[in-house]
Structure formats: structure tokens, C-alpha cells
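User: Could you walk me through how to read the features of this model? I'd like the general idea each time, then the case at hand.

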Amino acid sequence: MSKVDIDLDKLFSEALKASDFAYAPYSKFRVGAALLADDGEGDSIIITGVNVENRSFGLTICAERSAVVKAISIGLSSFKALAVSTPDSVDPVGPCGACRQVLSEFMAPDAKVIFGGSGKEKVITTVGELYPFDSLHDLGSK
Ligand code: THU
């Protein structure tokens, strides 16, 4: 049983802080993501990510996927929750379709997701609600 506590407000504030580091010179739409990762020994650690754009637009990586890639690359792959902050929109902006697919690879359907813009409204949902009827097919590689 995991001892990882989930403080979604704190996770969201880390996502907001991270959004300062977004590299978004083209869209001017900064996104910060914060993953609550389990270190396997009962402690939690927050891993952040930002959107990183490129002049070849299709190479842009979203904040959510940048957080996942950063975490996996330091040996963390159990994620309990995700926060996404989009301070350049008033209303909440949820993860894009590509990110939902990637999140579903590493997060359980009941893992919590919180997202919000600069306004008061925050959406609190789950990976399963964001990505229902997941394409869970066994490739025999795990
Ligand atoms: N973006 C994200 O980082 N995450 C999302 O889920 C939605 C979109 C980024 C990509 C691009 O740099 C900017 O927001 C505008 O689409």
C-alpha cells in the first residue's frame, strides 16, 4: 500500500511555477505540468515538465509528455497524480489527445488529474475519464 499523499493544490502550484520555464516563443502559450511520482520506497517526489516548442512546429513537445519523459529517464515510472497549469488561458485547458495516450501508458485509470488556467476554476478528474476505452492491447513486451 502506497504511503504517497496526494495534495492536488500543491501539485497544481508546482505546475504553475514550472510554467515559467516553458519554451513557447511561437504560441506564447505556456504550460507547466507536475507529476506526483512514487519513488518505490513510500516517498513521493514531484517531477515537472514544460512545453518545448520548435521552429519546426510539429516537433513541439507538450508539458505533460516532457514531465513523463523526464521522470522515466531518472527511473521513476509510478505516477499517482498530474497537475497541468495554463496561465495564459483563463479557463482550464486539459491535456491534448497525444498526451492522454502517453499518460495512460504510465498512470492508472483512477489516477487524479487537476488542471486550470489563470481563473478560479479547476477541473479535477482522472486519467480514465480523460481517456476512456483505452486501447489496452498486449504486445507481449512488458
Ligand atoms: N500544450 C501543452 O503543453 N499541453 C497540452 O496538453 C496542450 C498544448 C502546448 C503545446 C504548444 O506549445 C502550446 O501548448 C500551444 O498549443
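Analyst: Sure, starting with how elements get their names: helices are DSSP runs of H or I with at least four residues, strands are E runs of at least two, and both are numbered from the N terminus. With that, F133 falls in the segment after helix 4. This is a predicted model, so local features need pLDDT of at least 70 and side-chain atom pairs pLDDT 80 or more, while totals for chains, interfaces and linings use all residues. Residues are numbered from 1 along each chain as its sequence is written, and side-chain values use heavy atoms, leaving out hydrogens and water.

User: Is F133 buried or exposed?

Analyst: Buried means under 20% relative accessible area, exposed over 50%, and partly exposed in between (1.4 Å probe, protein chains only). F133 has 87% relative accessibility, so it counts as exposed.

User: What is the phi of F133 near?

Analyst: Most residues other than glycine have a negative phi. F133 goes the other way, with a positive phi near 50 degrees. K28 is another non-glycine residue with a positive phi, near 55 degrees. K28 sits in the loop between helix 1 (8–18) and strand 1, and its relative accessible area of 60% makes it exposed. There's a glycine to look at too: G75, just after helix 2, takes a positive phi of about 90 degrees.

User: Now helix packing. At what angle do helix 2 and helix 3 pack?

Analyst: Axes are lines fitted to C-alpha atoms, for helices over the stretch in contact, and angles between N-to-C directions run from 0 to 180 degrees. Helix 2 (residues 63–73) packs against helix 3 (residues 97–106) at about 30 degrees, and their axes are 9 Å apart. To put a word on that, under 35 degrees counts as roughly parallel, over 145 as roughly antiparallel, 65 to 115 as roughly perpendicular and the rest as oblique. Helix 2 and helix 3 are therefore roughly parallel to each other.

User: And which residues in helix 2 and helix 3 meet?

Analyst: Contact means heavy atoms within 4.5 Å. On the helix 2 side you have E64, R65, V68 and I72, and they meet A98, C99, V102, L103 and F106 of helix 3. Sorted by type, that contact has seven nonpolar residues, two charged and no polar. For the sorting, Ala, Val, Leu, Ile, Met, Phe, Trp, Tyr, Cys and Pro are nonpolar, Asp, Glu, Lys and Arg are charged, and the others, Gly among them, are polar.

User: Which residues of helix 2 are buried?

Analyst: An α-helix has 3.6 residues a turn, so residues three or four places apart point the same way. In helix 2 the buried ones are A63, E64, S66, A67, V68 and A71. Their cover includes strand 1, strand 2 (44–50), strand 3 and helix 3.

User: What about the core: how many residues does the largest nonpolar core have?

Analyst: A nonpolar core is a set of buried Ala, Val, Leu, Ile, Met, Phe, Trp, Tyr and Cys residues joined through side-chain atoms within 4.5 Å. The largest one has 20 residues, and L35, A71, L76, F79, L82, M107 and V113 make the most contacts inside it. Strand 1 (32–38), helix 2, strand 3 (79–85), strand 4 (112–116) and helix 4 (127–130) each give this core at least two residues. Helix 2 has the largest share, with four. A second, separate core of nine residues includes L11, F12, A15 and A34.

User: Let's zoom in. What is F79 in contact with, leaving aside neighbours within four places in sequence?

Analyst: L35, L36, A37, A71, I72, F106, M107 and A111. F79 belongs to strand 3 and is buried, at 4% relative accessible area.

User: Which residues does S85 touch, again not counting those up to four places away?

Analyst: S85 is also in strand 3, and at 0% relative accessibility it counts as buried. S85 touches F12, A15, L16, S19, R30, V31, G32 and G116. Take V31: 54 residues from S85 in sequence, but 5.7 Å away in space, C-alpha to C-alpha.

User: Finally, how far apart in space are D110 and T126?

Analyst: The C-alpha atoms of D110 and T126 are 5.5 Å apart, with the two positions 16 residues apart in sequence numbering. D110 lies in the loop between helix 3 and strand 4 and is exposed, at 59% relative accessibility. Compare E105 in helix 3, which counts as partly exposed at 45%.
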